[in-house]
Amino acid sequence: QVQLVESGGGLVQPGGSLRLSCAASGSIFSIYAMGWYRQAPGKRRELVAKITSGGSRKYADSVKGRFTISRDNAANTVYLQMNSLKSEDTAVYYCNAASGTIADTKDYWGQGTQVTVSS
């Protein structure tokens, strides 16, 4: 089992910045990738960014150049630095950990943290 605890959401004005954190605990040795997803009201959950155990990163086109995913292996924590925030970034952001193998993955989710971009 993997437990994920998120923090860092809140209210920010357009053009502002926020940093989300996700601390993993439990069977962390089984995790091969971690990432952030978001879900806006009435929309499907979508991938924002993810980082593999090998350090490869992937971003949604809508956040490229504005968001950066990083990790601190010693702290078992993944971060999402969000800059130049737009109103369309408003959503609940969920941390995800993919464990096992690519062929047989078990997903774990955090509780979600609200990000609201509004003036």
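User: Where is the place of S84?

Analyst: In this predicted model, S84 sits in the loop between β8 and β9.

User: Why is S84 called partly exposed?

Analyst: The relative accessible area of S84 is 40%. Buried requires under 20% and exposed requires over 50%, with partly exposed in between. The value of 40% falls in between, so S84 is partly exposed.

User: What is noted about the phi of S84?

Analyst: Phi of S84 is near 50 degrees, which is a positive value in a residue other than glycine. N76 also has a positive phi, of about 50 degrees, and is not a glycine. N76 lies in the loop between β7 and β8.

User: What makes N76 count as partly exposed?

Analyst: N76 has a relative accessibility of 29%. That value is neither under 20% nor over 50%, so N76 counts as partly exposed.

User: Which residue is found in the loop between β4 and β5, and how do you know whether it is buried or exposed?

Analyst: K43 is found there, between β4 (31-39) and β5 (46-52). Its relative accessible area is 58%. Exposed means over 50%, so K43 is exposed. The C-alpha atom of K43 is separated by 9.5 Å from that of A91, a residue 48 places away along the chain.

User: What makes β4 and β5 a pair?

Analyst: Two strands pair if at least two bridges are found between them. β4 and β5 have six bridges, in the antiparallel sense. Six satisfies the cut-off of at least two, so they pair. One of these partnerships is R38 with E46 in β5. β4 and β5 form a hairpin with six residues between them, and G42 in the turn has a positive phi of about 80 degrees.

User: How do you know that β4 and β9 pair?

Analyst: The same cut-off of at least two bridges applies. β4 and β9 have eight bridges, again in the antiparallel sense, so they pair. In β9, A97 is the bridge partner of M34.

User: Why is the link between C22 and C95 called a disulfide?

Analyst: The S to S distance is 2.0 Å. The cut-off for a pair of cysteine sulfur atoms is within 2.5 Å, so C22 and C95 form a disulfide. A search of the whole structure finds one disulfide. C22 is in strand β3 (residues 18-26) and C95 in strand β9 (residues 91-100), so numbered from the N terminus, and the two cysteines are 73 residues apart. The angle about the S-S bond is -85 degrees, and the link is left-handed. Both C22 and C95 are buried.

User: What makes T113 buried?

Analyst: The relative accessible area of T113 is 12%. Buried means under 20%, so T113 is buried. T113 is found in strand β11. It touches E6, G9, L20, A91, V92 and Y93, leaving out residues up to four places away in sequence. A polar atom of the T113 side chain lies 3.3 Å from the backbone nitrogen of G9, and the cut-off for a polar contact is within 3.5 Å.

User: Which residues of the largest nonpolar core touch the most other members?

Analyst: They are L4, M34, W36, L80, M82 and Y93, out of 30 residues in this core. Strands that each supply at least two residues of the core include β1 (2-7), β7 (67-72), β8 (77-82) and β11 (113-117). Not counting residues up to four places away in sequence, Y93 touches a list of residues, among them W36, L80 and M82. In soluble globular proteins, nonpolar side chains tend to be buried together.

User: What is the order of the strands in the open sheet of four strands, and why do β1 and β7 stand at the edges?

Analyst: The order is β1-β3-β8-β7, with antiparallel pairing. β1 and β7 each have a single partner strand, so one side of each is left without a neighbour in the sheet. The twist averages 20 degrees from one strand to the next.

User: How do you know that β1 and β3 pair?

Analyst: They have six antiparallel bridges, and at least two are needed, so β1 and β3 pair. In β3, S21 stands opposite S7, and C22 stands opposite E6.

User: Which residues of β1 are on the covered face, and which on the uncovered one?

Analyst: V2, L4 and E6 make up the covered face, and Q3, V5 and S7 the uncovered one. In a regular strand the side chains alternate between the two faces of the sheet.

Notes:
Residues numbered from 1 in each chain as written. Predicted model: local features only at pLDDT ≥ 70, side-chain atom pairs only at ≥ 80, totals over all residues. Heavy atoms only, no water. Buried < 20%, exposed > 50% of the residue type's maximum accessible area, 1.4 Å probe, protein only. Core = buried A, V, L, I, M, F, W, Y, C linked by side-chain atoms within 4.5 Å. Contact = heavy atoms within 4.5 Å. Polar contact = N/O pair within 3.5 Å; in protein donor to acceptor, adjacent residues only side chain to side chain. Axes fitted to C-alpha atoms, helices over the stretch in contact; angles between N-to-C directions.
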